[in-house]
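Colleague: Could you take a close look at one part of this model for me, the nonpolar patch on the surface, and then set it in the context of the whole chain?

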Amino acid sequence: MPAGLMIPARNMPSMISGNGNVGGFGTSSGLTLGQIMFQPNMMEGQLHPLEMTQNTSESEIARMRDEEFDSTTKSGSDNHEGASGDDQDPRPKKKRYHRHTQHQIHEMEAFFKECPHPDDKQRKELGRELGLEPLQVKFWFQNKRTQMKTQHERQENTQLRAENEKLRADNMRFREALSTASCPNCGGPTAVGQMSFDEHHLRLENARLREEIDRISAIAAKYVGKPVVNYPLLSSPMPPRPLDFGAQPGTGEMYGAGDLLRSISAPSEADKPMIIELAVAAMEELIRMAQMGEPLWMTSLDCTTSMLNEEEYIRTFPRGIGPKPTGFKCEASRETAVVIMNHINLVEILMDVHQWSTVFSGIVSKATTLDVLSTGVAGNYNGALQVMTAEFQVPSPLVPTRESYYVRYCKQHAEGTWAVVDVSLDNLRPSPTVRCRRRPSGCLIQEMPNGYSKVTWVEHVEVDDRGVHNLYKQLVSSGHAFGAKRWIATLDRQCERLASVMATNITTGDVGVITNQDGRKSMLKLAERMVISFCAGVSASTAHTWTTLSGTGADDVRVMTRKSVDDPGRPPGIVLSAATSFWLPVSPKRVFDFLRDENSRSEWDILSNGGVVQEMAHIANGRDTGNCVSLLRVNSANSSQSNMLILQESCADPTASFVIYAPVDIVAMNVVLNGGDPDYVALLPSGFAILPDGTPASAGGIGDAGSAGSLLTVAFQILVDSVPTAKLSLGSVATVNNLIACTVERIKASLSCENA
């Protein structure tokens, strides 16, 4: 007898029509298969199988089972009575249940744990052991797998429902917190979701920078062998490098740091939103300060300078970095000039700490970028944001340097118009050693035809200047020592110098003019390094420790020693630096012309031994004929000095002038003049820094030939011992002291005779 599918009597109404005919089996969705039992070869008198053909396949039976299966299957199977062949008989049929024994269930569940998908051979073997048909075993395993799957899905649904409830509760809590949030600065409600485009860009750029720094740190850790601290100083506190005309100079000269700069590190994550907000407000203030006139800016009596009306400033800009600290003085100035450089290059110089500190080496003694919050967009510096420290100087040991911790922000306001602003961050890191605060200061750059730019510079600081020597009090209080006029004059002079570096149309008619392009670049680069080294070693920078030798007042000589080791740009050994500053009743221009002229050099240069000094070659680097780099030869009667040359740079602008020189080897200079690398030429620069004395008569600056006086700083660097480990002798100190004293006396005598 063929195998039949037995249906329980209680389920028959869903399958049999009112006339007793069997309905479509495959279309019934309410029939449950959990209690269906397949029993082939049963007694015909007791069971009435549904009519099925002998060749019904197992796959068809399985399909029907899947369609009708209920997830709540029982552990056993039932044997039900089906309809008899006599479909017209309405009499109720008896039903008989047959369940799997506990032993069968236990064995199949144990086998299921080991193998939930048995093959035909395994099913036959298991059925023979348990007294079941392979088809019974097969459907039991199918039911079991479906049951386990259903239970697993229920557990997952329960878990996901719990997580969903938790997220919904968190969402409600966050919404309540946002609805009651307040601004930490003003205390008012916050505007959630109304982030400016600039701030949104800064956040995205900050995230990108973090990923880049993490990647670089991982690479560095791989090769260094130890992890690199996240967000390190992006530039080390080393001396600024020259503009990139070739290879980098040596870095043997180490710089220290003051108490303020030494204690400052990169800003924390909590500080950065406040820094961004402060920078945006400072940019707005700078633009207005650069463009507004009276009553904010008042013209001086001589109509040469603009003075800030402090009361009007407080009314115009009530917010900012807070009130002026007790004992501090306000210095505010504004200057405008047209310089020979396009606006894009100017912005690049200002935003690159190395180029910036090189161009302004007479003002910036030290600069470091602590953190870069944004590098700008679209490949330029629009939106760039940097946290920096810097030390500003006057070229004299009698004027303390000014240390500042600030943020620098660059923004393009229109096509061809850019602005760069600095503002102090001292409120984030209060320190009792702060002696200078930068209110919004910087410059507005506007594009001009033919590669020129109009620059409006605003310098606004609050400073404690009680440490300034009386000799320089007038100059500092006038604002000319650190003010906008000095910044703009230095920029103008340096733009002319850079233009001369790139010049290609050099006339060959003048005697001694260097026309070789590579030779010009190498010689100017060497002179640039000489100027940087001189300026860094003549001020009262916190990198230096000066010792006063004599107590005669303003003419005190201050000395310091440095050891030079493994620096190809400086001779090895102990270097003794000596400097002094004094006043001369002569205009700055006359002092500058006297000191730079090789014909009058024998009057003050003791080391030339009275020999005749002759100019061998020169490179003009400015409008003024005095702005040039020269190569001098000393024709001395002493044959031991026959190979000595002197490299000299003289430069002047309305606020300061310099005459800086250094003995150089003739063989090394031949290499430089042929375009060789100048970084390996050893230099020990000496020279002069000339400033107006700050009196009203000297308001015209260096170019004014009036009766105002000058402030002259004389500085020497001398190698006193070629062994770096040797100890400095008192005899060496006395020799240098006498050298500088004699030089000062000779200059005073010569200029007093001219003045008479």
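Modeller: Here is the patch, followed by the rest of the protein.

A quick note first: this is a predicted model, so local features need pLDDT of at least 70, side-chain atom pairs count only at pLDDT 80 or more, and totals for chains, interfaces and linings use all residues. Residues are numbered from 1 along each chain as its sequence is written, and side-chain values use heavy atoms, with hydrogens and water left out.

The patch is made up of Val338, Ile340, Met448 and Tyr452, with about 300 Å² of accessible area together (Shrake-Rupley method, 1.4 Å probe, only the protein chains shown counting as cover for residues). To join such a patch, nonpolar side chains must lie within 5 Å, and each residue needs over 30% relative accessible area and no salt bridge (a Lys or Arg side-chain nitrogen within 4 Å of an Asp or Glu carboxyl oxygen). Val338 sits in strand β3, residues 329–339 (strands are DSSP E runs of at least two, helices H or I runs of at least four, numbered from the N terminus). Val338 counts as partly exposed because its relative accessibility is 43%; buried means under 20%, exposed over 50%, partly exposed in between, with a 1.4 Å probe and protein chains only.

For contrast, take Pro692 in strand β18, residues 686–692. Pro692 is buried, at 4% relative accessible area. Its C-alpha is 7.3 Å from that of Ala656, 36 residues apart in sequence.

Zooming out, the protein has 16 helices and 19 strands, and 48% of its 756 residues count as buried.

Technical notes
Patch = residues over 30% accessible without salt bridge, like charges linked within 9 Å, V, L, I, M, F, W, Y side chains within 5 Å.
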